[in-house]
Amino acid sequence: MLDTCKRTYKLRHVLSRSGTLLAWTLSAVPLVGVAELAVHIKQTTSDVVTEAQWNAARDVVKAEATDDDLILFAPFWADPLGRRAFGDTLSGIKKEARADESRFARAFEVSIRGAHRRELAQWRKVSERQVGPFTIGVYENPAKKKILADVLDEVGPERMTVTRVDASGTETPCGWQRGVGQPGGLAVPQGPAVPGDRFVCPGGGYVGAAIVDDDEHHPHLCLFATGTGTTRIRVHNVTFGEFLAGHAGVQWMTDRSPTAERIELAFSAFDRPIGHHSHKVGSGWVSFEFSTPEFAGKRGDLVANVTSSSSASARHFCFEANTR
């Protein structure tokens, strides 16, 4: 009987404490709502950067920046706002949709809320100033690469030839046509941007410069080479250096479903192989680099062969390459 009473007392004690805890929890719910409302009001009033403040930051950067300087907005989600305020002159497509940051000697970071772009983690900060809600930092690249020739600058019938190569090695020309490009769209599944000016190959597929979005939704200007089989791209009269470097990737909607399939990208010049990049779907925006000291200082044709067995990934494959 005594044990039963003890158990009953303990149960009532536990229930009493539980009831008190429940009551305290329920009473705290309105306080959480009030706190959230306060944060929301702060973010939508005092934390909002006005158009006039964006313009003031733009004018400060414009007074110092050159055409060769990179401009970054931090955090990354502020990038569309920054591009709208700074315009194409300061923040054009080749800077926004860059392959990487290695070709820039200097960068201006326009930051709010203490954010910092990870791309500049290894760069040296040389100055910093406060302009309203912005912190504008100037950074120098300790490992800047000098670009001698960029394939993306050569797209067109004057400096480039594109052919489709069959199993016997016979080449069929891909004709150049001009038109209106098509964006990839904002709806899911999001497709790749289709260039308006492009080489159109018989049997389907094309080669042209457009934007690919990687798996983190960073844009990259690159050369789409679509279609199954082998597409041969010949860039005429290229200046060669010590290295041939570049990047390759597929549209993020394709990249998010990794497969065992690979797209083969092989480079050659002066009838000699330079290097081969085997791109695996699902690997992201991947860099490659090949040593070419034997070609340094020479001018000649750079040949790129793109081979894919799958029409799905071939529609989305894109690469960029440059001599350094």
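Q: Are phenylalanine 240 and phenylalanine 295 buried or exposed?
A: In this predicted model, phenylalanine 240 is buried, and phenylalanine 295 is buried too.

Q: How do I read the way their two rings sit together, and what kind of pair are phenylalanine 240 and phenylalanine 295?
A: You describe two aromatic rings by how far apart their centres are and by the angle between their planes. Here the centres of phenylalanine 240 and phenylalanine 295 are 5.7 Å apart and the planes are at 65°, so we call the pair edge-to-face. The pair links distant parts of the chain, 55 residues apart. Phenylalanine 240 is in the loop between strands E12 (229-239) and E13 (243-249), while phenylalanine 295 is in the loop between E16 (286-291) and E17 (299-308).

Q: How many aromatic pairs are there in the whole structure?
A: A search turns up twelve. Take phenylalanine 73 and phenylalanine 86: with ring centres 4.9 Å apart and planes at 80°, the pair is edge-to-face. Phenylalanine 73 belongs to strand E1 (residues 70-74) and phenylalanine 86 to helix H3 (residues 79-90), so the pair ties together parts 13 residues apart in sequence. Both phenylalanine 73 and phenylalanine 86 are buried.

Q: Which residues do ring pairs link into a cluster?
A: Look for Phe267, Phe288, Phe290, Phe317 and Phe319.

Q: Which charged ends sit over a ring?
A: Try arginine 198, whose charged end sits over the ring of tyrosine 206, 5.5 Å from the ring centre. Then look at lysine 298: its charged end sits over the ring of phenylalanine 270, 5.7 Å from the centre.

Q: Now the sheet with E1 in it. In what order do its strands come?
A: In general, strands of a sheet pair through backbone hydrogen bonds, parallel or antiparallel. In this case four strands make an open sheet, ordered E1-E2-E4-E3, with mixed pairing. E1 and E3 (124-131) are the edge strands, each pairing on one side only. From one strand to the next, the twist averages 20°. Strands E2 (residues 106-111) and E4 (residues 134-140) run antiparallel and are joined by six bridges. Phenylalanine 108 has valine 138 in E4 as its bridge partner.

Q: What does helix H2 lie across?
A: Helix H2 (residues 51-62) lies across E1, E2, E3 and E4, at about 25° to E4. H3 packs on the sheet as well, touching E1 and E2, and its direction makes about 160° with that of E1.

Q: Where does pLDDT stay under 50?
A: Where pLDDT is low, don't read the predicted coordinates in detail. One such stretch is residues 21-25, with pLDDT under 50 and zero contacts beyond four places in sequence. Residues 31-45 are also below 50, with four contacts beyond near neighbours in sequence. For the chain, the mean pLDDT is 86, and 81% of residues reach 70 or more.

Notes
Residues are numbered from 1 along each chain as its sequence is written. This is a predicted model: local features need pLDDT of at least 70, side-chain atom pairs count only at pLDDT 80 or more; totals for chains, interfaces and linings use all residues. Side-chain values use heavy atoms; hydrogens and water are left out. Rings of Phe, Tyr and Trp (its six-membered ring) pair if their centres lie within 6.5 Å; planes under 30 degrees apart count as stacked, over 60 as edge-to-face and the rest as tilted. Helices (H or I, at least four residues) and strands (E, at least two) are DSSP runs, numbered from the N terminus. Buried means under 20% relative accessible area, exposed over 50%, partly exposed in between (1.4 Å probe, protein chains only). A charge sits over a ring if NZ of Lys or CZ of Arg is within 6 Å of the ring centre and within 35 degrees of the ring normal. pLDDT is the predictor's confidence in each residue, from 0 to 100. Contact means heavy atoms within 4.5 Å. Two strands pair if DSSP finds at least two bridges between them. Axes are lines fitted to C-alpha atoms, for helices over the stretch in contact, and angles run from 0 to 180 degrees between N-to-C directions.
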